[in-house]
Amino acid sequence: MSSEVAARRDAKKLVRSPSGLRMVPEHRAFGSPFGLEEPQWVPDKECPRCMQCDAKFDFLTRKHHCRRCGKCFCDKCCGQKVPLRRMCFVDPVRQCAECALVSHKEAEFYDKQLKVLLSGATFLVTLGDAEKPETMVCRLSGNQRYLLLEGDSRHEIEIARISAVQVLTEGFPAGGGNVRPTGMSLQCTAPGAEGTTQLKLTAGEDASASRRQSTAWLAAMHKATKLLYESRDQ
């Protein structure tokens with residue numbers, strides 16, 4: 001990939017929307033697949049009362065729109081200002097209690113798990129019908145759009161083209177404990193191609209820091225795919 005193309009992928013611009021300032025990709029096609037579009041606000045004339053507590057709006061009880069769902073609420077029901085990174089807001093924005101709870105939970109992905117994905121981890125990688133796996137470092141690209149596989153060969157897989165994910169585990173501990181993740185199987189579609197290609201990632205067998213890093217990466221990737229499916233369903 002040329003440095004010019006890479007720069008276009010990562011270029012961003014500051015825009016002002018009715019909800020606040022947003023730092024968005026300069027080219028819409030290069031936006032994060034985990035992102036959400038801003039909702040259409042419920043028109044003021046269609047919400048004379050708070051959509052949570054049913055309080056009537058008047059001079060003293062002002063209406064506010066939740067920046068995540070676009071519904072109308074009173075200040076009591078929509079008073080929290082919470083980071084909303086999936087919509088690229090620069091500052092925390094007003095959200096209703098239900099949406100604020102979801103955004104708080106998503107913050108863990110951006111604060112912790114996204115960093116794990118960007119750092120990468122080492123796996124035995126089997127791509128398609130390859131006869132034997134190749135040791136590769138797997139990591140998420142800086143613009144969050146691609147899964148990069150780097151070893152003796154190099155591959156880029158567009159995150160948005162991952163159609164199915166299965167976490168591979170082993171062990172049946174007594175007492176109902178957690179099984180141990182050992183890898184991940186992903187189904188991907190290629191542009192203009194029919195059918196899907198399977199990508200299998202397998203963590204090494206050692207109990208070293210590398211194995212722990214691989215396990216953390218698998219957990220983070222599983223969370224990332226959940227956000228990806230939510231974005232598609234928006």
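Tutor: Buried means under 20% relative accessible area, and that cut-off can be applied to this structure, which is a predicted model.

Student: Why is Cys-188 called buried?

Tutor: Its relative accessible area is 7%, and because buried means under 20%, Cys-188 falls in the buried class.

Student: What makes Cys-88 count as partly exposed?

Tutor: The relative accessibility of Cys-88 is 27%, and since partly exposed covers the range between under 20% and over 50%, Cys-88 is placed in that class.

Student: How do you know that Cys-47 and Cys-72 are joined by a disulfide?

Tutor: The S to S distance of this pair is 2.3 Å, and a disulfide requires cysteine sulfur atoms within 2.5 Å, so Cys-47 and Cys-72 qualify. The pair links distant parts of the chain, 25 residues apart, with Cys-47 in the loop between β2 (20-25) and β3 (64-65) and Cys-72 in strand β4 (residues 72-73). Both cysteines, Cys-47 and Cys-72, are buried, and a search of the whole structure finds 1 disulfide.

Student: Which residues have the most contacts inside the largest nonpolar core, and which element gives the largest share?

Tutor: Phe-34, Phe-123 and Trp-217 have the most contacts inside this core of 29 residues, while its largest share, 7 residues, comes from α3.

Student: What is Phe-34 in contact with, leaving aside its neighbours within four places in sequence?

Tutor: Phe-34 is then in contact with residues including Phe-109, Leu-140, Ile-159, Leu-227 and Leu-228. A second, separate core of 11 residues includes Cys-50, Phe-57, Phe-73 and Cys-96.

Terms used:
Residues numbered from 1 in each chain as written. Predicted model: local features only at pLDDT ≥ 70, side-chain atom pairs only at ≥ 80, totals over all residues. Heavy atoms only, no water. Helix = DSSP H or I, 4+ residues; strand = E, 2+ residues; numbered from the N terminus. Buried < 20%, exposed > 50% of the residue type's maximum accessible area, 1.4 Å probe, protein only. Core = buried A, V, L, I, M, F, W, Y, C linked by side-chain atoms within 4.5 Å. Contact = heavy atoms within 4.5 Å.
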